[in-house]
2 protein chains.
Amino acid sequence: MDSINIKKLAEALNLSTSTISRAFRDNSDINGATKERILTKAKELNYQPNHYASNLREQKSKTIAVIVPELANNYFSQAIHGIERVARENGYHILIYVTDDDYNKEVTFISHLHNGRADGIIMSVSGEANDHNYLNQFETKRLPLVFFDRIYDDIETPRVITNDYKSSFQATEHLIEQGCKRIAYLVVNKSLSIGKTRMKGYLDALSKYSIEFDEQLIVDCSNSYEENSIIIKNALVDLKPDGVFTSVERLAFATYYACYDLEISIPDDLKVISFSSLEIAPLLNPSLTTITQPAVEIGEEAARLLFKILDHHQDKNCFSEVVLDSKMIIRNSTSNLPESGKK
Amino acid sequence: MDSINIKKLAEALNLSTSTISRAFRDNSDINGATKERILTKAKELNYQPNHYASNLREQKSKTIAVIVPELANNYFSQAIHGIERVARENGYHILIYVTDDDYNKEVTFISHLHNGRADGIIMSVSGEANDHNYLNQFETKRLPLVFFDRIYDDIETPRVITNDYKSSFQATEHLIEQGCKRIAYLVVNKSLSIGKTRMKGYLDALSKYSIEFDEQLIVDCSNSYEENSIIIKNALVDLKPDGVFTSVERLAFATYYACYDLEISIPDDLKVISFSSLEIAPLLNPSLTTITQPAVEIGEEAARLLFKILDHHQDKNCFSEVVLDSKMIIRNSTSNLPESGKK
DNA sequence: TTGTATGCGTTATCAT
DNA sequence: ATGATAACGCATACAA
């Protein structure tokens, strides 16, 4: 192998490898001039300390793993963007893993990460319906882990979430104030914490306004686009709701498509509000009223929490929780007011 | 340190470390029974071969780096999804780097990757206006590199692109057929290859239909949302185009916003077509006519090209080029035909 | 089939 | 301020 390494650089400069090594760390005792000389020569010969050797020696990787259910989702890509930024500022790299909402992949990823590849993990979980005790099997050796958005309630680890209960209450209340009497709640898996919390807000808002709860109006959807299309169309036809609150963005899109097909007018016949991080919600037909989570900040905050642990400023098993605020933005899908500039 | 390693596992089983090591590689001579015994005990003690030690020893990382200009863009998140899938199937992991369209970050990322952290790179470039010869300075030691979508023409390395020229010609032709006489071309940086190629298709289509080319109608936009808003509004007011062809998705969104504000009706007063991977283009107001690139496949193909090199099936400096087809999908932003199911 | 010994490229300790 | 050396955890050539 003719590639450069610390030894060759040392020979080329007539120095020892220790001195070379010192030139690359900040704290070490080294003569300014020699350091300069080394760095110059290093650049010339294109030398960089080998990452794997350093990590082996130092027992850390300066890498964090990010595990998300999906990537083609504005919320997650924005969150990752936030994570990436903070990680880079801290000199860390990020590995990305996509579970496609498959619990088994999540387990595989996590366990394969426990071989030194990453120093910590930031995850939005996929397997709430399954056994998440697998995370405890690592015991004290479990990697530092931070949850964001979709979490496991029973795992003791820091988390970044938004106030989903409050937002859902507010969303439902908004529909009621707009005159809705039969409000459907569309959810992907109502047993998951995120769907559950959001549903509770929905239920409590109904109750506050003494609107009778009709269990049928909780519509449990799937991850398949085709299935959802059928489920939602049936729900709209059979249940005749006058308002829809969707727990995830893509169910709102599916509702729009269904309404186009069924010639149901939004917002006249049906008002729609959704959790969504879509930046072009104002461009939809009609513009979509959203509960928007601060996705980028959530990512940044999750990364910061992780670094607190990695820098030993915090125990990795603490239950610290950061709650950020979502924002309801009212647009035409729930309101008949003429929009400014709208033709 | 009380963590498990190959030595402790060997002691626990009364075997040598080499035998343990062999149990974890497929090719080695090892007794089936002992292998079984080792694997069982390994699982029990939660042992996995240390990634950094293995990589140091084997001089490869089973990791590929993906560098993109931005993440909050449907095209790139879909492409990454494709890359991730193929990488995982091949037992590789992916590192993500976002340049925010900053050439300097790109250079930094690339040079820092040449320390063994990654075995290869898949990149959509950010710095066409700058010197990209930095990639050649690594000479024979340059990491295997595959470009996708935004490429450097003068770097000899495999690439995956779409037929931008043809698509742009087609897009412009479509506008002309819809009756447009003054077609503006919105581009982020017309000197970049992607903007240039797309512009050439535009120009040639104009020429085919003997439409005089007005240089003012090439509108050079920026990366700033606010600046673009002003630039585009001015262009619409001053130049009075009747058609707009935008080279990237977000310029189409900006055009929509501008039209809302200026009360310009799409498609009556202005027809709009854009390169875009937006899955909900049909939901826009009006639904957006797009040239849609097969983003996921582009990512997959790029990953496959890279693996061809990594598996030594192909030289890393070859100029192989994979061209995939984009698809024009006509919707309401360029047509007045009543849309099925549209109320 | 299994064990022994060496080195991958670094950095920390200790000595000079 | 600099150098010699051991160790990080593993995989391979070679020996048995």
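Student: Which kind of atom of DNA strand C does a polar side-chain atom of Ser18(B) lie close to, and at what distance?
Tutor: The partner is a base oxygen of DNA strand C, 3.0 Å from a polar side-chain atom of Ser18(B). This is a polar contact, meaning a pair of N or O atoms within 3.5 Å; within protein, one must be able to donate a hydrogen and the other to accept it, and residues adjacent in sequence count only if both atoms are side-chain atoms.

Student: Before I go on, what sort of model is this, and how are residues numbered?
Tutor: It is a predicted model, in which local features need pLDDT of at least 70 and side-chain atom pairs count only at pLDDT 80 or more, while totals for chains, interfaces and linings use all residues. Residues are numbered from 1 along each chain as its sequence is written, chains are lettered from A and ligands numbered from 1 in the order in which they are written, and side-chain values use heavy atoms, with hydrogens and water left out.

Student: Back to DNA strand C: what else touches its phosphates?
Tutor: An N or O atom in the side chain of Thr19(B) is 2.5 Å from a phosphate oxygen of DNA strand C. From the other chain, a backbone N or O atom of Ile6(A) lies 2.6 Å from a phosphate oxygen of that strand.

Student: How many residues surround DNA strand C?
Tutor: There are 25, and the closest are Ser21(A), Arg25(A), Arg57(A), Ser18(B) and Thr19(B). A residue is counted as near a strand if one of its heavy atoms lies within 4 Å of it. Of the DNA strand C atoms within 4 Å of the protein, 62% belong to sugar or phosphate and the rest to bases.

Student: Which helix gives the largest share of that surface?
Tutor: Helix 4 of chain A does, with 4 residues. Helices here are DSSP runs (H or I, at least four residues), as are strands (E, at least two), numbered from the N terminus.

Student: And DNA strand D, which residues come nearest there?
Tutor: Thr19(A), Arg22(A), Ile6(B), Arg25(B) and Arg57(B), out of 26 around DNA strand D. Sugar and phosphate make up 60% of the atoms of DNA strand D that come within 4 Å of the protein.

Student: What do Ile6(B), Arg25(B) and Ser54(B) contact on DNA strand D?
Tutor: A polar backbone atom of Ile6(B) is 2.3 Å from a phosphate oxygen, and a polar side-chain atom of Arg25(B) lies 2.6 Å from a phosphate oxygen. For Ser54(B), a side-chain N or O atom is 3.1 Å from a sugar or linking oxygen. Helix 4 of chain B gives the most to the surface near DNA strand D, with 4 residues.

Student: How are chains A and B related?
Tutor: A rotation of 180 degrees with 0.1 Å of shift along its axis superposes chain B on chain A, with an RMSD of 0.1 Å. The two copies are thus related as by a two-fold rotation axis. The superposition is by least squares on the C-alpha atoms of residues with pLDDT of at least 70 in both.

Student: New topic: is strand 4 of chain A buried or exposed?
Tutor: Strand 4 (residues 145–148) is covered on both faces: Leu145(A) and Phe147(A) on one side and Val146(A) and Phe148(A) on the other are all buried. Buried means under 20% relative accessible area, exposed over 50%, and partly exposed in between, with a 1.4 Å probe and protein chains only.

Student: Which strands pair with strand 4 of chain A?
Tutor: Strand 3 (residues 120–123) pairs with strand 4 in the parallel sense over 3 bridges, and strand 5 (residues 159–162) does so in the parallel sense over 2 bridges. Pairing requires that DSSP find at least two bridges between the strands. Phe147(A) is the bridge partner of Met123(A), and Arg159(A) in strand 5 is the bridge partner of Phe147(A).
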